[in-house]
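Student: Could you take me through one part of this protein slowly? I would like to see how a single helix sits among its surroundings.

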Amino acid sequence: MNVYLYDAVRTPRGKARPDGGLAALSPQELVRQQAAALADRCGDIAATPDALLLGCVTQSGAQGGHIAMLAKLHAGLPDTVAAHSINNYCASGLSAIGQAVAKVASGEATRILAGGVESMSGAPFLGDRAGFYTNDELPPRARFVPPVLAADRLANAEGISRADLDAVALASQQKAGAAENDAALQTSRIATGPLAGEECIRPQTTAESLAAAPPAFGELQQQYSGALEGATFEPLHSIAHAPPICDGAGLALVGGEGLGIAPRARVVAFAESGGDPVASLTAGFAAMDKVLAQSGLALADMDRIEFMEAFAVTIAKFHRDRDTDPARVNVSGGHLAKGHPMGASGAILTSTLLDALDACGGRYGLVVLTGAMGVGAAMIVERQ
């Protein structure tokens with residue numbers, strides 16, 4: 001059975017600080033506004049889904065108590081709508097869409113709203129205070145390692161230089177700045193609350209400013225020495241090589257055939273993969289290889305690729321190791337410029353991919369998410 005993305009929308013990304021553009025909005029309100037936009041764009045099929053599947057990483061405080069259920073009620077969706085809150089770290093939003101695809105393909109549902117939300121203003125990173133984060137009694141491979149520390153470790157292991165990190169960070173900022181003036185790349189970005197555009201982009205970024213920025217995360221090696229089993233490595237990532245902490249949400253309308261409106265894309269394949277927790281941020285590569293194998297397609301077949309910039313090392317490694325045209329990758333900039341609202345990122349990049357495919361009249365697109373401790377997900381779509 002064919003499964004389609006009938007539409008997908010996203011918020012702009014707002015800085016996660018008290019005066020940030022989305023900080024005054026609750027996470028459920030971020031979702032409500034995206035659900036309303038889909039209803040405006042798609043009609044009753046979006047207003048009366050079978051389920052709401054919502055990725056969210058920090059499910060405590062403002063996002064605790066089953067955020068998908070709260071968002072469903074706040075959005076005024078029918079009581080019969082099932083709700084699921086999903087945490088798969090940085091891949092959560094894409095995992096939610098993948099689960100929706102599976103439910104529709106199985107015949108369990110005809111249409112589902114799926115995506116993610118993260119209000120890092122209201123629920124800060126590690127704000128759930130899980131015992132896992134600091135449990136020194138776990139075996140070293142099972143202990144938590146912060147993603148930014150994993151990024152430095154991976155860059156050292158892969159021989160990726162500071163100059164390589166600077167190059168991809170600059171490209172992300174330049175593309176993001178240019179995309180703000182390209183309406184075709186923002187067709188599905190929905191002005192939310194007071195925010196109409198990306199708030200985290202740093203247009204003043206230059207090669208010189210990047211080169212001058214000091215590494216910012218070296219002290220974490222001592223703090224997490226037990227998980228690292230005493231290993232040390234050169235700190236490389238600066239603040240500019242890390243995606244800004246931000247707020248955001250995204251939703252897709254996933255459905256089967258015969259819903260009465262034209263879909264934007266067909267889901268060709270979806271895959272998830274775990275990965276080595278020591279190598280950490282590499283599971284997205286494994287998921288990408290898996291989804292390409294499932295589809296029988298190659299990277300060269302992809303007209304547009306949204307590859308999550310989970311710190312500069314991941315996108316630098318992608319460009320170095322894979323035979324791809326950089327002009328087809330993250331054409332409107334990536335996380336290094338626009339930020340990473342964790343549970344929302346997969347849905348935001350899905351929406352961004354559909355806009356990029358429409359803008360170029362392309363056929364196939366790929367979205368790849370990667371996260372800490374070996375989390376990865378990928379999806380291929382065919383524009384209709």
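Tutor: Happily, here is a close look at one helix and some of its surroundings. Keep in mind that this is a predicted model.

Let's start with the length of helix H6, which covers residues 162-179. With 18 residues at 1.5 Å a residue, H6 should span 26 Å, and its end C-alpha atoms are indeed 26 Å apart, so the two values agree.

Now look at which residues are hidden. The buried residues of H6 include Arg-162, Leu-165, Val-168, Leu-170 and Ala-176. Among the elements that cover the buried residues of H6 are helix H7 (207-212), helix H10 (312-321) and helix H11 (335-338).

Asp-164 also belongs to H6, but Asp-164 is partly exposed, with a relative accessible area of 35%. Leaving aside neighbours within four places in sequence, Asp-164 is in contact with Gly-159 and Ala-316. The C-alpha atoms of Asp-164 and Pro-18 are separated by 33 Å, and these residues lie 146 residues apart along the chain.

From here, we can step over to the loop between H10 and H11, where Thr-324 is found. Thr-324 has 16% relative accessibility, so Thr-324 counts as buried, the cut-off being under 20%. Not counting residues up to four places away in sequence, Thr-324 touches Leu-299, Ile-305, Phe-318, His-319 and Val-329.

One of those partners, Ile-305, leads us to strand S8. Ile-305 and Phe-307 point one way from S8, while Arg-304 and Glu-306 point the other way, and all are buried. In a regular strand, side chains alternate between the two faces of the sheet. S8 runs parallel to strand S9 (residues 364-371), joined by 4 bridges, and Arg-304 stands opposite Gly-365 in S9.

Key: Residues numbered from 1 in each chain as written. Predicted model: local features only at pLDDT ≥ 70, side-chain atom pairs only at ≥ 80, totals over all residues. Heavy atoms only, no water. Buried < 20%, exposed > 50% of the residue type's maximum accessible area, 1.4 Å probe, protein only. Helix = DSSP H or I, 4+ residues; strand = E, 2+ residues; numbered from the N terminus. Pairing = 2+ DSSP bridges. Expected span 1.5 Å × (residues − 1). Contact = heavy atoms within 4.5 Å.
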